[in-house]
Amino acid sequence: MVYLQITLQVDPAHRAAAAGVYEKYKQPFLGTVPGALSKELLVRDEDVQVLHGFRGLADAKAYLTSELFTRDVVGGLSPLLESDVRVYDTV
């Protein structure tokens with residue numbers, strides 16, 4: 001399993017809007033993205049993280065170039081945050 005972790009620096013005033021983007025695209029992600037296994041929203045005072053689970057590394061990398069990610073998710077979030085994207089493989 002591979003995890004794609006996206007850390008979002010979201011002002012607390014914009015967190016509800018960011019959570020709305022997460023909810024809007026969770027099911028399309030799970031239903032249409034090849035190799036997608038899970039998607040979780042992790043919230044703490046310092047930041048918000050979205051943790052995506054994939055079958056393999058190629059699936060995670062492909063998602064980062066998909067229209068769902070680049071157009072829809074990033075487009076919806078871009079006015080709300082600064083982000084840090086990382087991909088992890090399990091050993």
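I began with the side chains of Arg 71 and Asp 72, and found that they meet in a salt bridge, with 2.9 Å from N to O. I note at once that this is a predicted model, and that I keep this in mind for every entry below.

Next I looked up how open Asp 72 is to its surroundings: its relative accessibility is 19%, and because the cut-off for buried is under 20%, Asp 72 counts as buried.

I then stayed with Arg 71 and found that it also forms a salt bridge with Glu 67, where the closest N and O atoms are 2.7 Å apart. When I checked where these two residues sit, I saw that Arg 71 and Glu 67 both belong to helix α3, which covers residues 67-77, and that they are four residues apart, about one turn of the helix. I also looked up their accessibility, and both Arg 71 and Glu 67 are exposed.

After that I turned to another group, in which Arg 44, Glu 46 and Asp 47 are joined into one network by salt bridges that share partners. Within this group I looked up the pair of Asp 47 and Arg 44, which form a salt bridge whose closest N and O atoms are 2.8 Å apart. Is each partner buried or exposed, or something in between? Asp 47 has 6% relative accessibility and so counts as buried, whereas Arg 44, at 45% relative accessibility, counts as partly exposed.

Last, I asked how many salt bridges a search of the whole structure finds. The search gives four.

Technical notes. Residues are numbered from 1 along each chain as its sequence is written. This is a predicted model: local features need pLDDT of at least 70, side-chain atom pairs count only at pLDDT 80 or more; totals for chains, interfaces and linings use all residues. Side-chain values use heavy atoms; hydrogens and water are left out. Buried means under 20% relative accessible area, exposed over 50%, partly exposed in between (1.4 Å probe, protein chains only).
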